[in-house]
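Colleague: Got a minute to walk me through this one? I'd like to start with the inside and then move outward.

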Amino acid sequence: NWREAVGGYQQVIELAPDNVAARVHLAQIYLRAGLLDQVAKLVDEAGKLDQKNPDIDTLRGALHAKQGDMAVAMKDVQAALALDPKHVDAVMLLSSLYVNGNQAEQAAVVLKDGIAAHPKNLALHLALADVYNRQHKSAEASEQLKEIVHLDPENLAHRVRLANYYAGLGKTAEAEQVLREAEADHADSAPAKLALVKFIDEKRGQKDAERELLAFIERSPKDETLRFGLAGLYQEAGDLDKAEAVYREIIK
């Protein structure tokens, strides 16, 4: 909730004008929103309050990168890493600068060092997967995506990402297996079931998807989310009579 966060950080700055952390967090939000003038102002203010802060150097580097000054951004991020060699945001920024400079090997080295220091950081693993993908190293990329699933098994989005990656490589069977494992691991999760059904619909057709979803509904007859998914499946197939029947059944 960025709007509420911005208001909170602004209030902190008003009440405690020497608070560096509030300026850093506020600048990070403005950076995501592309409000570079506000970022520059906050970074300048924070830098005057604390001249040896890797958060500030990293933000300054990200600002210069957004402005297209990659050489200065590189100096900024190197300054941040000199203060804290394990600073996650600085590692991420440095790797992105290498990627933008078509230096994927160096980006991979930076990210692997970062993961060695922060083995459970999902963002680092995801960034390394992206670098490997750019290098057409699909086996290494998929290993990073699988590690993310291992580190955060309850998050369905990670499984879907891995399945989509396999599908993009033409490995349909592996992709479907990932989603079936997700459904098995989250037996009470309608989204996990619907993710599998959506994949089957895209890869094998509406009839197979319908069969799979009806089996799920038979096992969980009171799960309205599954029934809404079935109605949506019929609508997308243009079978409006069946869709209407499902909606009426839900209402009943």
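**Core first**

Modeller: Sure. In this predicted model, the largest nonpolar core has 71 residues, and V39, L111 and L213 have the most contacts inside it.

Colleague: Which helix gives the most to this core?

Modeller: Helix α2, covering residues 20-33, gives the most, with 8 residues.

Colleague: And what does V39 touch, leaving out residues up to four places away in sequence?

Modeller: V39 touches A27, Y30, L31 and L63 on that count.

Colleague: OK, zooming out. How many helices and strands are there?

Modeller: The secondary structure of the protein chain comes to 15 helices and 0 strands.

Colleague: Is the chain spread out or compact?

Modeller: More spread out than a compact globule, because its radius of gyration is 24 Å, well over the 18 Å that the globule rule gives for 252 residues. Along the principal axes, the C-alpha atoms fill a box of roughly 65 × 45 × 30 Å.

Colleague: What share of the residues is buried?

Modeller: Buried residues make up 40% of the 252.

Colleague: And the contacts, how many join residues at least 24 apart?

Modeller: 39%, among contacts between residues at least 6 apart in sequence.

Colleague: Switching to the surface: how much does the chain expose?

Modeller: About 14200 Å², and carbon and sulfur atoms supply 50% of that.

Colleague: Last thing, charges. How far apart are the mean positions of the positive and negative ones?

Modeller: The chain has 31 positive and 40 negative charges, and their mean positions are 1 Å apart.

Methods. Residues numbered from 1 in each chain as written. Predicted model: local features only at pLDDT ≥ 70, side-chain atom pairs only at ≥ 80, totals over all residues. Heavy atoms only, no water. Core = buried A, V, L, I, M, F, W, Y, C linked by side-chain atoms within 4.5 Å. Buried < 20%, exposed > 50% of the residue type's maximum accessible area, 1.4 Å probe, protein only. Helix = DSSP H or I, 4+ residues; strand = E, 2+ residues; numbered from the N terminus. Contact = heavy atoms within 4.5 Å. Rg over C-alpha atoms; globule rule 2.2 N^0.38 Å. Areas by Shrake-Rupley, 256 points an atom, 1.4 Å probe, with all protein chains shown as cover. Lys, Arg positive; Asp, Glu negative; His and termini not counted. Charge placed at Lys NZ, Arg CZ, Asp CG, Glu CD.
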